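Please open the model in your viewer and keep the selection panel to hand, since each stop on this tour asks you to pick out a group of atoms before reading on.

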Amino acid sequence: MGYKDKIDLLKLPKHIAIIMDGNGRWAKDKGKLRIFGHHNGVLSVRDVVEGAAELGVGYLTLYTFSSENWNRPKLEVMAIMELMVSTIHKEIDRLMKNNVCLKAIGDLDMLPGKCHDELMSAINKTAANTGLVLTLALSYSSRREILQAVKQIAGKVQNGELKIDDIDEEIFENNLYTTGMPNPELLIRTSGEYRISNYLLWQIAYAELYFTPKLWPDFRKEDLYAAILDYQKRERRFGMTSEQVN
Ligand code: IPE
Ligand code: IPE
Ligand code: MG
């Protein structure tokens, strides 16, 4: 019996977020250029998206490119952007077939024109799909997201639309890029690094964290299932006692 059959479908995390890390090291281990790792990482994305869609997971959010990643060597950044364009183009039929609704969060205006256009076209094409909501975090920084929420809210206070005393968690969340999505209940990071790297800082306040030494290009849907099973064994107490939640 595989991991998949052991998963309790009634207790699926509503939202899974993944920090897809380790592409460069995977390639280096094989004596190849880093971009070879990124290319192979796409195969993992395809498999994991399919796995999540098959299970009936509601939301999957993938850390694809951080704001900090713009500081990488120009050649690598360009290669990643090219890869993004060709991948989105190639995957669109599969996304439609799997009823996946594509979204993106981050500072998307920073993306090269072609990449931005390809992304927007795929987002529009899949907008009416009712299955898995697949969100790519692109040119994404959680601190910037929080800052822009603060500015947006301050603007509403300034023009009288909102009173300071009315600002609560719900209003704050409505001003984040992730508005309308449930907060991630499971956060996975590959490649054996134990950090958050400026990802969804507000949203993961009570997420269960799962770290695996596997490098992203080696990660497959079976690994996703293993992470979900691990999640399902945990007791989520939200500050209460074990007796209270049982
Ligand atoms: C993750 O893999 C992909 C991106 C950040 C774009 P890395 O490229 O960070 O791979 P490592 O961590 O250097 O091995
Ligand atoms: C985080 O990985 C960003 C993505 C996975 C897209 P990094 O490899 O950029 O993070 P650090 O530098 O190890 O923290
Ligand atoms: Mg990395």
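The tour goes to the two ligands in turn and then to a salt bridge. Bear in mind throughout that this is a predicted model.

**First stop: ligand 1**

Select ligand 1 together with the residues around it, which are Met20, Asp21, Gly22, Asn23, Gly24, Arg25, Arg34, His38, Thr64, Asn69, Arg72 and Ile80. Sorted by class, this shell holds 2 nonpolar, 6 polar and 4 charged residues.

Next, show the polar atoms and look for three arginines, beginning with Arg25, where a backbone N or O atom lies 2.7 Å from an oxygen atom of the ligand. With Arg34 it is a polar side-chain atom that lies 2.8 Å from an oxygen atom of ligand 1, and with Arg72 a polar side-chain atom lies 2.7 Å from an oxygen atom of ligand 1. Of the 370 Å² of accessible area that ligand 1 has on its own, the protein covers 86%.

Now colour by secondary structure and ask which elements give two or more residues to the shell around ligand 1. They are α2, spanning 23–29, and α3, spanning 34–55; α2 gives the most, with 3 residues. If you display a surface for the protein alone, the space taken by ligand 1 is the largest pocket.

**Second stop: ligand 2**

Move the selection to ligand 2 and to the residues around it, namely Ile19, Met20, Asp21, Tyr63, Thr64, Phe65, Asn69, Arg72, Arg189, Arg195 and Ser197. Here the shell divides into 4 nonpolar, 3 polar and 4 charged residues, and strand β2, residues 59–66, gives the most to it, with 3 residues. The space that ligand 2 takes is, again, the largest pocket.

Which side chains should you pick out for their distances to oxygen atoms of this ligand? Start with Ser197, whose side chain has an N or O atom 2.6 Å from an oxygen atom of ligand 2, then go to Arg195, where the corresponding distance from a side-chain N or O atom to an oxygen atom of ligand 2 is 2.8 Å, and finish with Asn69, where a side-chain N or O atom is 2.9 Å from an oxygen atom of ligand 2. Taken alone, ligand 2 exposes 390 Å², and the protein buries 78% of that.

**Third stop: a salt bridge**

Finally, leave the ligands and select Glu54 and Lys4, whose side chains meet in a salt bridge with an N to O distance of 3.5 Å. Following the chain between the two shows that the pair links distant parts of it, with Glu54 in helix α3 and Lys4 in helix α1, residues 3–6, at a separation of 50 residues. Should you wish to continue with the charged pairs, the count of salt bridges comes to 19.

Technical notes. Residues numbered from 1 in each chain as written. Chains lettered and ligands numbered in written order. Predicted model: local features only at pLDDT ≥ 70, side-chain atom pairs only at ≥ 80, totals over all residues. Heavy atoms only, no water. Near = heavy atom within 4 Å. Polar contact = N/O pair within 3.5 Å; in protein donor to acceptor, adjacent residues only side chain to side chain. Areas by Shrake-Rupley, 256 points an atom, 1.4 Å probe, with all protein chains shown as cover. 1 Å grid on protein atoms, 1.4 Å probe; cavity = no way out; pocket = protein on both sides within 12 Å on 5 of 7 lines; lining within 4 Å. Sits in = over half its atoms within 2 Å of the grid points. Helix = DSSP H or I, 4+ residues; strand = E, 2+ residues; numbered from the N terminus. Nonpolar A, V, L, I, M, F, W, Y, C, P; charged D, E, K, R; others polar. Salt bridge = Lys/Arg side-chain N within 4 Å of Asp/Glu carboxyl O.
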